Amino acid sequence: PRMSQHRGRHLLQGFTLTGGFATTGGGVMIDGASPTLVDVVVTGCAAHNTGGGIHVTSGNPTLDHVAIRGNTADGEGGGLYVSGASVTLTNVVVSDNLVMSYGGGIAMQSSSAVLDHVLVAGNQAQRAGGGLFMNTSSADLTNVAFLDNTSLAGDADGGGLYLLQASPVLTNVTVAGNLAGGRGGGLYLFQASPSLLDVLVAGNEAGEGGGICNDMGLPGFPSIAFCSVTGNAPDEYLGMTDPTGANGNVADAPEFLDLSATDPLQWDVHLGASSTLIDVGSPSLDDPDGTRADIGSWGGPGAGGWDLDLDGHPSWWQPGPYDPGTYPGQGWDCDDLDPAVGPGSGC
């Protein structure tokens with residue numbers, strides 16, 4: 001479908017779009033429109049240029065409980081491409097998309113975004129920004145996870161995120177298991193000054209700057225507080241002073257519950273019950289039970305808001321494995337990607 005020049009906000013709900021092909025916007029092209037997409041799947045689409053799954057030019061669309069998976073683009077934005085627009089993503093999965101240039105999962109050019117409970121996993125970019133590529137853009141990312149995204153080429157940077165003259169705000173975000181052939185397995189910063197609060201960067205890998213790489217020639221000035229950057233190879237930080245020990249920053253292991261699956265959608269990045277990242281986040285933020293926020297995507301006030309499968313049952317947020325004795329009575333889901341599984345049904 002193509003949406004353009006609409007004045008009102010239109011609702012598109014409850015369908016799957018597959019097999020589309022176009023120069024831009026292989027699945028959906030939004031041009032100067034502000035629709036709301038709810039419970040929509042865009043999969044197996046391709047674009048010769050930008051936006052393999054969805055292409056947005058201007059407008060202010062909202063994506064709520066949307067899956068963008070298995071799409072491809074030759075230019076930018078294998079899953080989602082945004083240019084000169086403002087987008088809102090809530091409980092969205094962007095997975096297994098491929099791009100030959102920038103932004104395997106998401107590419108943003110001169111735009112703004114709100115990402116709230118978003119999973120970006122298993123995406124690949126040939127050049128840079130396996131999970132997310134941002135150029136002269138801004139965004140608020142809260143309760144977001146970047147898992148197992150890859151920048152493929154030997155000199156490709158930013159396995160998880162590539163930030164170019166961009167200053168997003170990341171709060172309770174997990175960046176884990178991402179890979180860059182060049183620099184910045186977790187995050188690559190080029191004249192970028194993001195704000196990181198309660199962010200976990202763990203187990204990422206790159207040629208150099210495994211965790212966070214700040215470009216040595218044109219660096220940015222990141223703000224990092226109450227974060228943990230740990231277990232990245234070959235190093236945690238490159239091109240910047242290691243902030244561990246200041247501003248609440250630590251280098252403690254998350255003790256993720258399960259990273260054994262080949263498919264990152266099956267990873268469980270809840271903190272282990274004995275992780276020292278529990279209750280050590282920003283004292284200005286609380287978890288849903290009123291205790292001090294945990295570090296990572298399952299911490300902070302929104303920790304209980306994950307419902308990626310639109311089954312009405314939020315995933316459990318507390319550290320440690322799912323408790324089948326206590327949690328079903330609280331309406332918590334043990335599998336947040338399968339709507340057929342809910343409390344008391346397979347849990």
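For counting charges here, Lys and Arg are positive and Asp and Glu negative, with His and the chain ends left out; each charge is placed at NZ of Lys, CZ of Arg, CG of Asp or CD of Glu. On that footing the protein chain carries 7 positive and 36 negative side chains, and the centres of the two sets sit 16 Å apart.

Before going further, a word on what you're looking at. This is a predicted model, where local features need pLDDT of at least 70 and side-chain atom pairs count only at pLDDT 80 or more, while totals for chains, interfaces and linings use all residues. Residues are numbered from 1 along each chain as its sequence is written, and side-chain values use heavy atoms, with hydrogens and water left out.

Now the overall fold. The protein chain has 0 helices and 29 strands, going by DSSP runs numbered from the N terminus (H or I for helices, at least four residues; E for strands, at least two). The C-alpha trace spans about 55 × 50 × 35 Å along its principal axes. The radius of gyration is 19 Å, which agrees with the value near 20 Å for a compact globule of 347 residues; it is taken over C-alpha atoms, and the globule rule is 2.2 Å times the number of residues to the power 0.38.

How much of the chain is tucked away? Buried residues make up 56% of the 347, where buried means under 20% relative accessible area, exposed over 50% and partly exposed in between (1.4 Å probe, protein chains only). The accessible surface comes to about 12,200 Å², 50% of it belonging to carbon and sulfur atoms; the areas are Shrake-Rupley values with a 1.4 Å probe, and for residues only the protein chains shown count as cover. As for contacts (heavy atoms within 4.5 Å), among those with a separation of 6 or more, 74% join residues 24 or more positions apart.

Back to the charges. A search of the whole structure turns up 1 salt bridge, meaning a side-chain nitrogen of Lys or Arg within 4 Å of a carboxyl oxygen of Asp or Glu. R183 and D157 form a salt bridge at 3.3 Å, N to O. R183 lies in strand β21 (residues 179-183) and D157 in the loop between β18 (150-151) and β19 (161-164), so the pair ties together parts 26 residues apart in sequence. R183 is partly exposed at 23% relative accessibility, whereas D157 is buried at 8%.

D294, in the segment after β29 (237-238), is another story: this residue is buried yet has no salt bridge, and the nearest side chain of opposite charge, R292, is 8.5 Å away. Leaving out residues up to four places away in sequence, D294 touches several residues, including N172, D198 and D279.

L285 is also in the segment after β29 and is buried, at 18%. With the same sequence neighbours skipped, its contacts include N172, D198 and R292.

Finally, some backbone oddities. Most residues other than glycine have a negative phi, and most peptide bonds are trans. N91, in strand β11 (residues 86-95), has a positive phi of about 50 degrees and is buried at 5%. D279 has a phi near 65 degrees and is partly exposed at 34%. The peptide bond from A233 to P234 is cis, with omega near 5 degrees, and P234 sits in the loop between β28 (228-230) and β29.
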